[in-house]
Amino acid sequence: QVHLVESGGGLVQTGGSLRLTCTSSRRALNEHAVGWFRQAPGKEREFVATISRNARTTNYADSVKGRFTISRDKDTNTVYLQLNTLRPEDTAIYYCASVRTILTAPPPTSVRAYDYWGQGTQVTVSS
């Protein structure tokens, strides 16, 4: 079992930055691909970024490419999502999710592929 906890959300102005953090108390997270997803009011949860277990493969939604960066630190069982040049349309609850994979497997981008989810952290971008 992997328990995920997100933090780092908040209220920022357009063009601002935030860094979201996803942590687990168990080193088992190092055996998982990890993804960030978001859900705005009235909308379905959507893929934002994913990173493979070995950190060599990342995927980004077209809407965030060039602005967001996903990374991971195996020593601290932590996955980060750096959000730059934020826009009002980035406003959502951001969720961290993980699924156990083999070392070299590409990280999935589908919500349904992930087994473990955090409680989410709110990101609000004011115009």
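Two strands count as paired if DSSP finds at least two bridges between them. I start there, everyone, since strand pairing is the thread of this talk. Please keep in mind that what you see is a predicted model.

Let's take strand 1 and strand 3. They run antiparallel, and 4 bridges join them. Within that pairing, E6 stands opposite C22 in strand 3. Hold on to C22, because we will come back to that cysteine when we reach the disulfide, which pairs C22 with C96.

On its other partner, strand 3 pairs with strand 8, residues 78-83, again in the antiparallel sense, over 6 bridges. Two positions are handy if you want to follow along on the screen. T21 stands opposite Y80 in strand 8, and L20 stands opposite L81 in strand 8.

Now zoom out to the sheet. Which order do its 4 strands take? The order is 1-3-8-7, the sheet is open, and the pairing is antiparallel. At the edges sit strand 1, residues 4-7, and strand 7, residues 68-73, each of which pairs on one side only. Ignoring direction, neighbouring strands of this sheet are turned by 15° against each other on average.

How much of strand 3 is buried? The count is 5 of its 7 residues, so strand 3 is largely enclosed by the rest of the structure.

That brings us to the disulfide. The structure holds 1 of them, formed by C22 and C96, with their sulfur atoms 1.9 Å apart. The link between C22 and C96 is left-handed, with -65° about the S-S bond. C22 belongs to strand 3, residues 18-24, and C96 to strand 9, residues 92-100, so the pair ties together parts that are 74 residues apart in sequence. Are the two cysteines buried or exposed? C22 counts as buried because its relative accessibility is 0%, and C96 counts as buried, also with a value of 0%.

From C96 we can step over to strand 4, since W36 stands opposite C96 in strand 9. Strand 4 and strand 9 pair in the antiparallel sense over 8 bridges. Strand 4 also has strand 5, residues 46-51, as an antiparallel partner, joined to it by 5 bridges. There, G35 stands opposite T50 in strand 5. Strands 4 and 5 form a hairpin with 6 residues between them, and G42 in the turn has a positive phi of about 80°. As for burial, strand 4 covers residues 32-39, and 7 of its 8 residues are buried, so strand 4 is largely enclosed by the rest of the structure.

Next, the core. In soluble globular proteins, nonpolar side chains tend to be buried together. Here, the largest nonpolar core has 32 residues. Those with the most contacts inside this core are W36, V48, F68, I70, L81, L83 and Y94. Which strands each supply at least two of the core residues? They are strands 3, 4, 5, 7, 8, 9 and 11, the last of these being residues 121-126. Strand 9 gives the largest share of this core, with 5 residues.

I70 is a good one to click on. Not counting residues up to four places away in sequence, I70 touches V34, W36, A49, T50, I51, T58, Y60, V79, Y80 and L81. You will recognise W36 from the strand 4 pairing with C96, and L81 from the position opposite L20.

To finish, two loop residues. S52 is found in the loop between strand 5 and strand 6, residues 58-60. S52 counts as buried, at 0% relative accessibility. A polar atom of the S52 side chain lies 3.2 Å from the backbone nitrogen of R56. Leaving aside neighbours within four places in sequence, S52 is in contact with A33, T57, R72, A105 and P107.

The other is T109, in the loop between strand 9 and strand 10, residues 116-117. T109 counts as partly exposed, at 37% relative accessibility. Again leaving aside neighbours within four places in sequence, T109 is in contact with F37, F47, T50 and N59. For a sense of spacing, the C-alpha atoms of T109 and R87 are separated by 22 Å, and the two residues are 22 residues apart along the chain.

Thanks for listening, and I'm happy to go back to any of these spots on the screen.

Key: Residues are numbered from 1 along each chain as its sequence is written. This is a predicted model: local features need pLDDT of at least 70, side-chain atom pairs count only at pLDDT 80 or more; totals for chains, interfaces and linings use all residues. Side-chain values use heavy atoms; hydrogens and water are left out. A disulfide is a pair of cysteine sulfur atoms within 2.5 Å. Buried means under 20% relative accessible area, exposed over 50%, partly exposed in between (1.4 Å probe, protein chains only). Axes are lines fitted to C-alpha atoms, for helices over the stretch in contact, and angles run from 0 to 180 degrees between N-to-C directions. A nonpolar core is a set of buried Ala, Val, Leu, Ile, Met, Phe, Trp, Tyr and Cys residues joined through side-chain atoms within 4.5 Å. Contact means heavy atoms within 4.5 Å. A polar contact is a pair of N or O atoms within 3.5 Å; within protein, one must be able to donate a hydrogen and the other to accept it, and residues adjacent in sequence count only if both atoms are side-chain atoms.
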